[in-house]
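Me: I am new to reading protein models, and I would like to work through one slowly, with a reason given for each step. Could we take it as a series of questions and answers?

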Amino acid sequence: MATESPSITLKSRTRENFLVVALMLAFFLAWEASVVWFDVPEYVIPTPSRILQKLVSDITSGTILPHLQVTLIEVLLGFVLAAIGGLALGTASGLFPLFDRLTYPFILAFQAVPKVAIAPLLIIWFGYGIQSKVVTAAVIAFFPLFVNVSAGLKEADPRRLMLMRSLRASPLQTYIKVRLPGLMPYLFSGLEVALVLSIIGAIVGEFIGASVGLGSIIVQRQASIDVAGVFSVIIILSLMAVILTWLLRLVQARYRF
């Protein structure tokens with residue numbers, strides 16, 4: 001099969017990036033023109049230029065920074081907790097069939113419960129500090145990581161496992177040489193989904209009860225019908241998700257097997 005040269009690939013990516021930027025500009029221009037043309041009130045849908053003005057004001061004034069720091073800490077701690085739990089239980093589920101059969105129905109039933117419904121309970125149990133938001137983020141982010149780790153370990157090549165058994169390799173050697181390389185794509189896919197879900201979990205926790213954090217800012221601005229301000233916070237959250245995902249992919253590229 002013929003492969004594309006690096007120069008052709010670079011040109012193709014440059015063209016695709018240009019098209020993405022052009023489509024985004026066309027979308028925002030159409031949005032701006034529609035709001036102005038139909039004279040839509042700002043408390044219903046603000047123009048992109050008004051949202052950009054609010055976003056710049058939030059960033060340059062520094063008012064959003066303390067809230068951003070709190071939400072970021074909640075997201076990262078929740079993500080780490082979910083990663084530890086998902087990796088540990090997913091490994092046990094993937095390696096020990098009995099453990100998988102005994103625990104999977106309970107984990108699946110727990111996952112089916114809407115996390116928004118249990119967020120008030122987490123507030124009661126862990127208080128109004130960041131602990132309840134961290135736990136909410138971890139609970140929401142746990143399941144995809146658990147499933148991916150379990151599936152990655154179960155999908156190990158049986159011929160290579162048989163080869164390791166014939167060589168009398170230890171379980172640790174089999175894990176490092178056979179299971180771990182096959183697990184890595186599943187693991188990083190799960191981590192990527194878990195990272196985004198951690199942001200959602202932290203914001204859900206802040207919606208329920210918090211005085212600081214980007215979620216609390218959204219609630220305050222919603223109460224004062226500051227729709228442009230709400231859009232500004234949403235954009236900041238989106239940028240946070242993009243940057244964290246990009247950093248995770250850098251780690252994935254660095255440690256690719």
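What follows is a set of questions and answers about this structure, which is a predicted model.

Me: Which residues of helix 9 are buried?

Reply: Helix 9 covers residues 214-223, and its buried residues have cover that includes helix 2, helix 3, helix 8 and helix 10. After helix 9 comes I225, which has a positive phi near 55°. Within the helix, the buried residues are L214, G215, S216, I217, I218 and R221.

Me: R221 is a residue with a salt bridge, so which residue is its partner?

Reply: R221 has a relative accessible area of 13%, and it counts as buried because the cut-off is under 20%. Its partner is also buried, with a relative accessible area of 2%. The closest N and O atoms of this salt bridge are 2.8 Å apart, and the partner of R221 is D58.

Me: How many residues apart in sequence are the parts that R221 and D58 tie together?

Reply: The salt bridge joins R221 and D58. R221 belongs to helix 9 whereas D58 belongs to helix 2, so the pair links parts of the chain whose separation in sequence is 163 residues.

Me: Is S232 buried or exposed?

Reply: S232 is part of helix 10, and, leaving aside residues up to four places away in sequence, it touches I51, K54, L55, D58 and R221. Two of these names, D58 and R221, are those of the salt bridge discussed above. Because its relative accessibility is 0%, S232 counts as buried.

Me: Which helix gives the most to the largest nonpolar core?

Reply: The largest nonpolar core has 33 residues, and those with the most contacts inside it are L187, L191, I199, L214, V233, L237 and M240. At least two residues of this core come from each of helix 3, helix 6, helix 8, helix 9 and helix 10. The greatest contribution, ten residues, comes from helix 8.

Me: Which residues does I199 touch, not counting residues up to four places away in sequence?

Reply: I199 is among the residues with the most contacts inside the largest nonpolar core. In general, nonpolar side chains in soluble globular proteins tend to be buried together. With residues up to four places away in sequence left out, I199 touches V75, L237, M240, A241 and L244.

Me: Which residues make the nonpolar surface patch of about 500 Å²?

Reply: One member of the patch is W246, which is found in helix 10. W246 counts as exposed because its relative accessibility is 52% and the cut-off for exposed is over 50%. The patch is made by L239, I243, W246, L247 and L250.

Me: Which residue forms a salt bridge with R249?

Reply: R249 is partly exposed, with a relative accessible area of 47%, and it lies in helix 10 while its partner lies in helix 8, so the pair ties together parts that are 57 residues apart in sequence. The closest N and O atoms are 2.7 Å apart, and the partner of R249 is E192.

Me: What is the N to O distance in the salt bridge between E42 and R50?

Reply: The structure holds six salt bridges, and the one between E42 and R50 is formed by their side chains. E42 counts as partly exposed because its relative accessibility is 39%, and R50 counts as partly exposed at 25%. The N to O distance in this salt bridge is 3.1 Å.

Terms used. Residues are numbered from 1 along each chain as its sequence is written. This is a predicted model: local features need pLDDT of at least 70, side-chain atom pairs count only at pLDDT 80 or more; totals for chains, interfaces and linings use all residues. Side-chain values use heavy atoms; hydrogens and water are left out. Buried means under 20% relative accessible area, exposed over 50%, partly exposed in between (1.4 Å probe, protein chains only). Helices (H or I, at least four residues) and strands (E, at least two) are DSSP runs, numbered from the N terminus. Contact means heavy atoms within 4.5 Å. Patches are made of residues with over 30% relative accessible area and no salt bridge: like charges are joined within 9 Å, nonpolar side chains (Val, Leu, Ile, Met, Phe, Trp, Tyr) within 5 Å. Accessible areas come from the Shrake-Rupley method with a 1.4 Å probe; for residues, only the protein chains shown count as cover. A salt bridge is a side-chain nitrogen of Lys or Arg within 4 Å of a carboxyl oxygen of Asp or Glu. A nonpolar core is a set of buried Ala, Val, Leu, Ile, Met, Phe, Trp, Tyr and Cys residues joined through side-chain atoms within 4.5 Å.
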